[in-house]
Amino acid sequence: METVESVKNGTGSRELNSEDIDWSIYALKYDLMCEFIPAYQENIKLLLEHMSKWDLPKDSSICDLGAGTGNFITAIADKYPDAYFTHVDSDLAMSSFARKKYELNSIDNIEIFNESVLNLEFRDNTFDVIVLINSLYAMKPQTKVLRKVKGWLKPSGKLFVIDWGRENNVLDWTWYVAKNAIRNHGIKKTVSAFVEGAEVIRQNRLGKKGHQTGKFWRHTTQEFKETLEEAGFVIEHLDVCYRGYSDLAICHVNKSPT
Ligand SMILES: C[S@@+](CC[C@H](N)C(=O)[O-])C[C@H]1O[C@@H](n2cnc3c(N)ncnc32)[C@H](O)[C@@H]1O
């Protein structure tokens with residue numbers, strides 16, 4: 001994969017203060033949290049279901065922006081083993097967990113960029129699919145990210161974006177996770193998971209604050225749609241997911257010459 005300008009394996013460039021979500025702390029417990037959230041698994045299922053309807057080349061070039069601990073790429077690679085993957089995440093801990101997961105699953109047709117999407121450049125028309133799952137809200141300014149995504153997508157390419165647009169109701173999520181955890185794993189495992197994952201609840205509170213203060217992009221489905229359209233995307237499918245907290249869109253770019 002050729003990049004015009006990229007800084008690989010850096011430490012990212014976000015400045016943190018105690019009011020920010022610390023993605024590195026989050027990373028430590030991220031997969032534990034995901035295991036207890038059926039809605040997270042539903043997002044993966046939604047992506048794979050939609051992808052199966054697209055006429056993708058076997059050796060598709062697939063990029064995940066804000067790829068976290070690599071759960072989405074790992075799931076896609078299982079179905080598309082000949083695809084070529086690009087993982088982008090600005091947090092070193094998230095990317096390190098992802099790297100281990102890729103190694104464990106023998107996913108070696110992959111490049112990992114530990115860098116903010118805002119500082120990265122790929123050649124225009126590089127990717128068949130770009131995936132952005134619950135990460136766009138943290139990538140300000142979103143219009144700049146979407147402009148980049150638009151250039152990087154091939155004329156036949158698809159953007160699959162799920163974005164957390166609503167303020168986090170921490171109590172609602174904690175109750176949802178506890179209920180499902182008790183049902184699926186029993187009380188003992190649930191209690192120990194909550195003790196182990198207590199930091200996640202603190203990080204979620206900071207996420208809520210981020211949406212309240214405007215550090216994170218808070219949007220309705222209509223605002224989400226309008227932002228994508230204003231950035232030049234044609235929306236093929238629009239939905240609400242992740243228990244009503246996120247919006248989902250599948251888009252392409254009209255790159256035909258005028
Ligand atoms: C809530 S997590 C979602 C991770 C993954 N997409 C998933 O659904 O499991 C948000 C991710 O976005 C990453 N992130 C935030 N701002 C970013 C930026 N400017 N460039 C790249 N990654 C960023 C964070 O490090 C974090 O891993």
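Start with two helices that pack together in this predicted model: α1, covering residues 23–35, and α4, covering residues 92–104. Their axes sit 7 Å apart and make an angle of about 30 degrees. On the α1 side, the residues that meet α4 are W23, S24, Y26, A27, L28, Y30 and D31. On the α4 side, their partners are A93, M94, F97 and K101. Sort that contact by class and you get eight nonpolar residues, one polar and two charged. The spacing of such positions is worth a thought: an α-helix has 3.6 residues a turn, so residues three or four places apart point the same way.

Keep your eye on Y30, because we're heading to the ligand, and Y30 is among the residues closest to that molecule, as well as being part of the α1 contact with α4. How many residues surround the ligand? There are 20, and the closest are Y30, Y40, G66, D89 and I133. That shell divides into eleven nonpolar, six polar and three charged residues.

Now for the polar contacts with the ligand. An oxygen atom of the ligand is 2.9 Å from an N or O atom in the side chain of Y30. For the side chain of Y40, the corresponding distance from a ligand oxygen to an N or O atom is 2.4 Å. The backbone joins in too: a polar backbone atom of V117 is 3.0 Å from a nitrogen atom of the ligand. As for how covered the ligand is, it exposes 600 Å² when taken alone, and the protein buries 97% of that.

Another covered piece is helix α3, residues 71–79, where seven of the nine residues are buried. The buried ones are N71, F72, I73, T74, A75, I76 and A77.

Back in α4, look for K100. Is K100 buried or exposed? It counts as exposed, because its relative accessibility is 54% and the exposed class starts over 50%. If you want a sense of span, the C-alpha atoms of K100 and T227 are 35 Å apart, with their positions 127 residues apart in sequence.

Follow the chain out of α4 and you're in the loop that leads to β4, which holds S106 and N109. S106 has a positive phi, near 50 degrees, though it isn't a glycine. S106 counts as exposed because its relative accessibility is 58%. N109 makes a polar contact through its side chain, with a polar atom 2.4 Å from the backbone oxygen of A83. Beyond its sequence neighbours within four places, N109 is in contact with P81, D82, A83, Y84 and F85.

There are two other backbone oddities to find. N125, in the loop between β5 and β6, has a positive phi near 60 degrees. With a relative accessible area of 38%, N125 is partly exposed. Then there's the cis peptide bond joining K140 and P141, with omega about -5 degrees; P141 is in the loop between β6 and α5. For context, most residues other than glycine have a negative phi, and most peptide bonds are trans.

N125 also takes us to the last stop, K255, in the segment after β9. Leaving aside neighbours within four places in sequence, K255 is in contact with N125, K150, G151, L153 and P155. K255 counts as partly exposed because its relative accessibility is 29%. Its C-alpha atom is separated by 49 Å from that of R183, which is 72 residues away along the chain.

Key:
Residues numbered from 1 in each chain as written. Predicted model: local features only at pLDDT ≥ 70, side-chain atom pairs only at ≥ 80, totals over all residues. Heavy atoms only, no water. Axes fitted to C-alpha atoms, helices over the stretch in contact; angles between N-to-C directions. Helix = DSSP H or I, 4+ residues; strand = E, 2+ residues; numbered from the N terminus. Contact = heavy atoms within 4.5 Å. Nonpolar A, V, L, I, M, F, W, Y, C, P; charged D, E, K, R; others polar. Near = heavy atom within 4 Å. Polar contact = N/O pair within 3.5 Å; in protein donor to acceptor, adjacent residues only side chain to side chain. Areas by Shrake-Rupley, 256 points an atom, 1.4 Å probe, with all protein chains shown as cover. Buried < 20%, exposed > 50% of the residue type's maximum accessible area, 1.4 Å probe, protein only.
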